[in-house]
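Reader: Could you walk me through one part of this model in detail, namely the core and the strands around it? I would like the cut-offs spelled out as you go.

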Amino acid sequence: IKGGRYSAGIGGGGDSDANSYHVGNGGKVYVYGGDVTATGGDFAAGIGGGSADEDCGDGAPMYVYGGIVHAYGGVGAAGIGGGTKIDDNVFRSDVGTGGRGDIFEMYGGEVYAKGGNTSSFSSKDEGGGAGIGGGQWGHGGSVAVYGGKLEAIGGDYAAGIGGGGGEESKGGIFVLNGGKVIATGGKYGAAIGGGNEGAGGEVYL
């Protein structure tokens, strides 16, 4: 499953019009079985928020009970979670303006999520998306794993699970009460927690 231009693989649509703020957030996703690969269009999440010139969509609740999921974020967007703005000025925007992560709960199955890397036209090389969590400049959400296997890899400067790239993108809440988690941060990003220069959030093991 591949999202169209500026649209998530599964989730919110996008808008390429100049100065547009019209963008879709993700919708709730439930996975019970099967095998799905979701890839975001440019600046949009694999599963989650879309993108517009001046705004970006947030992630939405996702619940995994079984099956296999691969999610790949577009440029600057989370694998699962928030998108990012198209405008290259996003790399000079205020903290928290990127698409945010939402609730992710996993009870079984396998999930592999990889955030997109920095835009080639960015003014500052620090704008990837989290594996699960925020798009560039976006804060992480809440991730809880009770079973199954989760692997999350952050894009440039982003956390594996938590905040996207961009200064001070915060991690969210992470709970591990079963299963297996492999998390890898991008350059200067935490494996679990904040993007570059971002606060870590809460972790419960």
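Author: Happy to. Residues 24 or more positions apart account for 77% of the contacts in the chain with a separation of 6 or more, a contact being heavy atoms within 4.5 Å. This is a predicted model, in which local features need pLDDT of at least 70 and side-chain atom pairs count only at pLDDT 80 or more, while totals for chains, interfaces and linings use all residues. Residues are numbered from 1 along each chain as its sequence is written, and side-chain values use heavy atoms, with hydrogens and water left out.

The chain has zero helices and 17 strands; helices (H or I, at least four residues) and strands (E, at least two) are DSSP runs, numbered from the N terminus. Of its 205 residues, 55% count as buried, where buried means under 20% relative accessible area, exposed over 50%, and partly exposed in between (1.4 Å probe, protein chains only).

Now to the core itself. The largest nonpolar core holds 20 residues, and Met62, Ile80, Phe104 and Leu150 have the most contacts inside it. Such a core is a set of buried Ala, Val, Leu, Ile, Met, Phe, Trp, Tyr and Cys residues joined through side-chain atoms within 4.5 Å. At least two of its residues come from each of strand 2 (29–31), strand 5 (62–64), strand 6 (68–72), strand 8, strand 9 (110–114), strand 11 and strand 12. In soluble globular proteins, nonpolar side chains tend to be buried together. Ile80 is a good place to zoom in: leaving aside residues up to four places away in sequence, Ile80 touches Ile47, Met62, Ala71, Phe104, Val111, Ala113, Gly131, Ile132 and Gly133.

Next, the strands. Strands 6, 9 and 12 belong to an open sheet of five strands with the order 3-6-9-12-15 and parallel pairing; two strands pair if DSSP finds at least two bridges between them. Strand 3 (35–39) and strand 15 (180–184) are the edges, each pairing on one side only. On average, neighbouring strands of this sheet are turned by 5 degrees against each other, direction ignored; axes here are lines fitted to C-alpha atoms, for helices over the stretch in contact, and angles run from 0 to 180 degrees between N-to-C directions. Strand 12 (residues 149–153) pairs with strand 15 in the parallel sense over five bridges, and Ala152 has Ala183 in strand 15 as its bridge partner.

Strands 8 and 11 have parallel pairings of their own. Strand 8 (residues 103–106) is joined to strand 11 (residues 142–145) by four bridges, with Met106 partnered by Val145. Strand 11 is also joined by four bridges to strand 14 (residues 173–176), again running parallel; there the bridge partner of Ser142 is Ile173.

Just before strand 11, in the loop that follows strand 10 (132–133), lies His139. His139 is buried, with a relative accessible area of 10%, and its side chain reaches the backbone nitrogen of Lys170 at 2.9 Å. That distance falls under the polar contact rule: a pair of N or O atoms within 3.5 Å, where within protein one must be able to donate a hydrogen and the other to accept it, and residues adjacent in sequence count only if both atoms are side-chain atoms.

One backbone detail may interest you too. Most residues other than glycine have a negative phi. Tyr157, in the loop between strand 12 and strand 13 (161–162), has a positive phi of about 65 degrees, and Tyr157 is buried at a relative accessible area of 11%.
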